[in-house]
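This note is addressed to a colleague who is meeting the structure for the first time. Please read the numbered points with the sequence and the model side by side.

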Amino acid sequence: APGMASAGLKGLLGSTLLAPDGNLVSTDVLGHPDGIGLYFSAHWCPPCRGFTPRAIESYKQLKEEGKKFEVVFLSSDRSVDEFKTYFASMPWHALPCDTEESKKKIQILAKKFRIAGIPTLVMVDGNGRLLTREGCTALMDDPDGKNFPWRPRSPWEIIDGPLVDNQGNETPARALRGHPFGVYFSGHWCAPCRGFTPKLVETYNKMKSKEKDAEIIFCSSDREETAFQEYFKEMPWKAFPFGDSRIRELARAFGISGIPALVTVDTEGKIVTKEGRRGVIEDPEGDTFPWPDPPVGVISQLSAQCIGDVPTMMILLETASEESVHKIMPVIHSFAESTLLESQETGNLPKMQFLKAPPGSSSDLLTRIRSIFDLGTSSPHIVLLDLAEGKKYPYEGDVTEEGLATFVSSFEAGTLQGVELESP
């Protein structure tokens, strides 16, 4: 029925919401909107109190214009009274937060969408599928809702327009359609960038000498055009003109938080990996460009940097017997593959990443990881690290796909017993 919320939305939010008048109502009240903002906020948070009136203004304007827009408030308030005071100013619905069960629901959603701070406005569609986690920025940039529901544009749509080479010649970005390419975020002022760029140039030139279908676009973070020009002279590929607005939009679309960063895109315009640097380091010939992420990566300095970004299942096999490795790794590989495939098909963020320490491996990094997270010396050792929660979850029992699925489902539902990590 047109007035009913989808099963996906009910699965996400539950069957009841709190209406603006304080009464409990069915989630069906949301209907099937084009966009729903999950608004993580709290009265004690000054940036939230600054953003909320602007969000209310845009919400009312979009509703008046007939846009199918809903918002659900997910409170981080410290008391029911604080919540009630804050919610009274809002024209939309909220998730109840007066019981342990309802508070846990909000925590699960915060974990699912990797909420690192508030205010955060996560936009989902009428089926509860993620559109963008950058709803606050989208609403501030577009308060009139011209681009509502702020579905991120594809890389192809964003890059459309002129590109330049280091001689100043222009070519249209649409020439890259149907070809794999990398987007390189870098800046002359950044020492690690200056160290990585020559390696990337070398790999690029090797790919070109083999007539490999590969291109790169430089996104400059330089603050002055002279620095951009000087740095760009070293590069044999194309770039966005200095200060181009597409650079910021791509950085936001790809979730770039630091440089250097290399994101690769396939022939259909979909992101292949955000860890293109790993590809250059592990495959300097560029034979496997655009370097698709393996379902189970290897623990390295580069991959270890992402442990704090997403829950990470670590499979430590340094001294494991050949028999045990042959027994468990096909199961883990298959489970990791299906987990990643599910996130690609639903458009949601990957639930977790999978990293292994292969048999026979040994390094200061592995020693430090075992020490920091108090993982002992046993091998094979499987543990799920969730640094956002400050907990580790050891996996015990036989390694089966069913066992792993139950383990991960319990983790997502917040019912898995974890061990608090000690602060370093």
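The points below concern a predicted model, and they take up its cores, a cavity, several strands and one tryptophan.

1. The largest nonpolar core. This core has 46 residues, and those with the most contacts inside it are Leu-13, Leu-38, Tyr-39, Val-72, Phe-73 and Trp-92. Its largest share, six residues, comes from α2. As a general background, nonpolar side chains in soluble globular proteins tend to be buried together.

2. Leu-13 as an entry to that core. Apart from residues up to four places away in sequence, Leu-13 touches Leu-30, Leu-38, Val-72, Leu-95, Lys-105 and Leu-109. Two of these partners, Leu-38 and Val-72, are themselves listed with Leu-13 among the core residues with the most contacts.

3. A second core. Separate from the core just described is another of 23 residues, which includes Ile-315, Val-325, Ile-332 and Ile-382. Ile-315 returns in point 8, where its strand is described.

4. The cavity. How many cavities of 30 Å³ or more does a search of the whole structure find? The search finds one, and the volume of this largest cavity is about 40 Å³. Its lining is formed by Tyr-39, Ala-55, Tyr-59, Phe-69, Val-71, Trp-92, Leu-121 and Leu-139. The elements that give two or more residues to this lining are α2 (46-64) and β4 (69-75). By character, the lining residues divide into eight nonpolar, no polar and no charged. Tyr-39 and Trp-92 link this point to the first: both line the cavity, and both are among the residues with the most contacts inside the largest nonpolar core.

5. Strand β6. Five of the five residues of β6 (residues 120-124) are buried. Thr-120, Val-122 and Val-124 lie on one side, with Leu-121 and Met-123 on the other, so that both faces are covered. Leu-121 is also one of the residues that line the cavity.

6. The partners of β6. Five bridges join β6 to strand β3 (residues 35-41) in the antiparallel sense, and within this pairing Ile-36 has Val-124 as its bridge partner. Strand β7 (residues 130-132) is likewise antiparallel to β6, over two bridges; here Met-123 is matched with Thr-132. The hairpin of β6 and β7 has five residues between the strands, and in this hairpin Gly-128 takes a positive phi near 85°.

7. The six-stranded sheet. An open sheet with mixed pairing has the strand order β15-β17-β16-β18-β19-β20. Why is one side of β15 and of β20 left without a neighbour in the sheet? The reason is that β15 (297-298) and β20 (419-420) stand at the edges, each with a single partner strand. For β15, two bridges in the parallel sense connect it with strand β17 (residues 353-357), and Val-298 stands opposite Lys-356 in β17.

8. Strand β16 within this sheet. Five of the five residues of β16 (residues 312-316) are buried, so the strand is largely enclosed by the rest of the structure. The buried residues are Thr-312, Met-314 and Leu-316 on one side, and Met-313 and Ile-315 on the other. Five bridges join β16 to β17 in a parallel arrangement, with Ile-315 opposite Lys-356. Five bridges also join β16 to strand β18 (residues 381-386), in this case antiparallel, with Met-314 opposite Val-383. Lys-356 of β17 therefore stands opposite Val-298 as well as Ile-315, and Ile-315 belongs to the second core.

9. Strand β10. Six of the six residues of β10 (residues 181-186) are buried, so this strand too is largely enclosed by the rest of the structure. Phe-181, Val-183 and Phe-185 point one way, while Gly-182, Tyr-184 and Ser-186 point the other way. Strand β11 (residues 215-220) pairs with β10 in the parallel sense over six bridges, and Ser-186 stands opposite Ser-220.

10. Trp-156. This residue lies in helix α6 (residues 155-159). Is Trp-156 buried or exposed? With a relative accessible area of 15%, Trp-156 is buried, as the cut-off for that term is under 20%. Beyond its neighbours within four places in sequence, its contacts are Leu-176, Arg-177, Gly-178, Phe-181, Asp-266, Thr-267, Glu-268 and Gly-269. Among them, Phe-181 is a residue of β10. Trp-156 and Gly-243 are 87 residues apart in sequence and 19 Å apart in space, C-alpha to C-alpha.

Terms used:
Residues numbered from 1 in each chain as written. Predicted model: local features only at pLDDT ≥ 70, side-chain atom pairs only at ≥ 80, totals over all residues. Heavy atoms only, no water. Pairing = 2+ DSSP bridges. Helix = DSSP H or I, 4+ residues; strand = E, 2+ residues; numbered from the N terminus. 1 Å grid on protein atoms, 1.4 Å probe; cavity = no way out; pocket = protein on both sides within 12 Å on 5 of 7 lines; lining within 4 Å. Points joined across faces, edges and corners; volume = space filled by probe spheres on them. Nonpolar A, V, L, I, M, F, W, Y, C, P; charged D, E, K, R; others polar. Core = buried A, V, L, I, M, F, W, Y, C linked by side-chain atoms within 4.5 Å. Buried < 20%, exposed > 50% of the residue type's maximum accessible area, 1.4 Å probe, protein only. Contact = heavy atoms within 4.5 Å.
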